[in-house]
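Hi,

Here is the structure I promised to pass on. Have a look at it first, and then read on for what turned up.

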Amino acid sequence: MTVQSGILFASQVLSLLPAVIAGVEGAAEAMRLGAATVERMVSENRDPTADEWSELNIRTAALRDRLHSDEA
Amino acid sequence: MSTNPAAAAAKPIWASKTIWVNIITFICTMAALFGFDLEISAEEKAAIAVSFQTFANLILRLATKQPVTLRRDQTLKLHWLSPVVVLVLLLFTLAGCASRVAETPAQRVYALQADYNALLAAAVAYENLPRCRPVHAPPNCSDTGVVEEMRRIDNHTFDALQTAQRVVRTPGIGTSPVNAALATASEAVGLLARLLNREGIR
């Protein structure tokens, strides 16, 4: 790798960071919430409550609204 | 320099999913010998292998002097999506996604939807980027076609999850409709995951 391609590589990585962080943070947060809730259900040997379904559906609806925001 | 077409077309060792699956299997076997049971299923090994394969391809493509594609927007899209998909897949497989721990059908549908939310978050981050244009494309843009496909698959996945949720929340419903709804929902979530993966490594 030459100095020029090294600088190019570094600049590409830096320009990607904000988008990568935003995407990964959102995904990690969703996973953390989901895994924690399911683990609690398993440890308590029960199915999701109506409130838990409702919270999950609200989170899904919010994400879907953003994905389809400018859809024709 | 060699111009052998077979050699030129040959897939490098790090681009082979089989190699990665074997490496992961070897690591699991060695860990088990030392008393660490990693409890990784065949599907999870395949997912981890795809993650490493994607990561290896990404590093190689970023490090190469030659552009991968001629269109600037495609190159930028590949650059943006690959790290996100790699990290999401790694988080899914290594940190433990919700569907890995679920036991009952209702827990599994809940977990599937939680995993779907994680995929949606990555899709939303991509959708939020400015759209790519043929000329003067902004850095880190999103492809209109990919966004439309994400939305179309998302509609299908959402419908499948809603049906599965209705089924598992219906008291006294039989095993057969529950299993069918779970299989459809699981396949739909997998479809969205594969779309993200495909766009990330293209």
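Confidence first, since this is a predicted model: chain B averages a pLDDT of 71, and 46% of the residues score at least 70. Within chain B, the low point is helix 1 (residues 5–9), with a mean of 50, while helix 6 comes out highest at 95. Watch out for residues 63–79 of chain B as well, where the pLDDT is below 50. That stretch still has 27 contacts in the model beyond near neighbours in sequence. Where pLDDT is low, though, the predicted coordinates should not be read in detail. For the complex, the predictor gives an ipTM of 0.75 and a pTM of 0.62.

Now the overall layout. Chain B has seven helices and zero strands, so to speak an α-α-α-α-α-α-α run from the N terminus on. It counts 202 residues, and 46% of them are buried. If you take the contacts in chain B with a separation of 6 or more, 70% are between residues 24 or more positions apart. The exposed area of chain B is about 10,400 Å², with carbon and sulfur atoms supplying 62% of it.

Chain A has two helices and, again, zero strands. Of its 72 residues, 33% count as buried. Chain A exposes about 4,300 Å², and 60% of that comes from carbon and sulfur atoms.

On to the side chains between the two chains. I searched the whole structure for aromatic pairs, and there is one over all chains. The partners are A:Trp53 and B:Tyr110: their ring centres are 5.5 Å apart and the planes sit at 65°, which is over the 60 degrees needed, so the pair is edge-to-face. A:Trp53 belongs to helix 2 (residues 50–67) of chain A and B:Tyr110 to helix 5 of chain B, so this pair joins two chains. Both A:Trp53 and B:Tyr110 are buried.

A:Trp53 turns up again around B:Gln165, a residue of helix 6 of chain B. Leaving aside neighbours within four places in sequence, B:Gln165 is in contact with A:Trp53 and A:Asn57 from chain A, plus B:Val109 and B:Gln113 from chain B. Is B:Gln165 buried or exposed? Its relative accessibility is 5%, under the 20% cut-off, so B:Gln165 counts as buried.

There is also a charge over a ring across the chains: the charged end of A:Arg64 sits over the ring of B:Phe158, 4.0 Å from the ring centre.

One more spot to look at, this time within chain B. B:Ser142 is in the loop between helix 5 (105–127) and helix 6 (144–168). With a relative accessible area of 0%, B:Ser142 is buried. What does its side chain make a polar contact with? The partner is the side chain of B:Arg131, at 2.9 Å. B:Arg131 is also among the residues that B:Ser142 touches, not counting those up to four places away in sequence. The others are B:Tyr126, B:Glu127, B:Leu129, B:Pro130, B:Cys132 and B:Val147.

If you only open a few views, I would start with the A:Trp53 and B:Tyr110 pair, then A:Arg64 over B:Phe158, and then the loop with B:Ser142.

Cheers

How values were computed: Residues numbered from 1 in each chain as written. Chains lettered and ligands numbered in written order. Predicted model: local features only at pLDDT ≥ 70, side-chain atom pairs only at ≥ 80, totals over all residues. Heavy atoms only, no water. Helix = DSSP H or I, 4+ residues; strand = E, 2+ residues; numbered from the N terminus. Buried < 20%, exposed > 50% of the residue type's maximum accessible area, 1.4 Å probe, protein only. Polar contact = N/O pair within 3.5 Å; in protein donor to acceptor, adjacent residues only side chain to side chain. Contact = heavy atoms within 4.5 Å. pLDDT = per-residue confidence, 0-100. Phe/Tyr/Trp six-rings, centres within 6.5 Å; stacked < 30°, edge-to-face > 60°. Lys NZ or Arg CZ within 6 Å of the ring centre and 35° of its normal. Areas by Shrake-Rupley, 256 points an atom, 1.4 Å probe, with all protein chains shown as cover.
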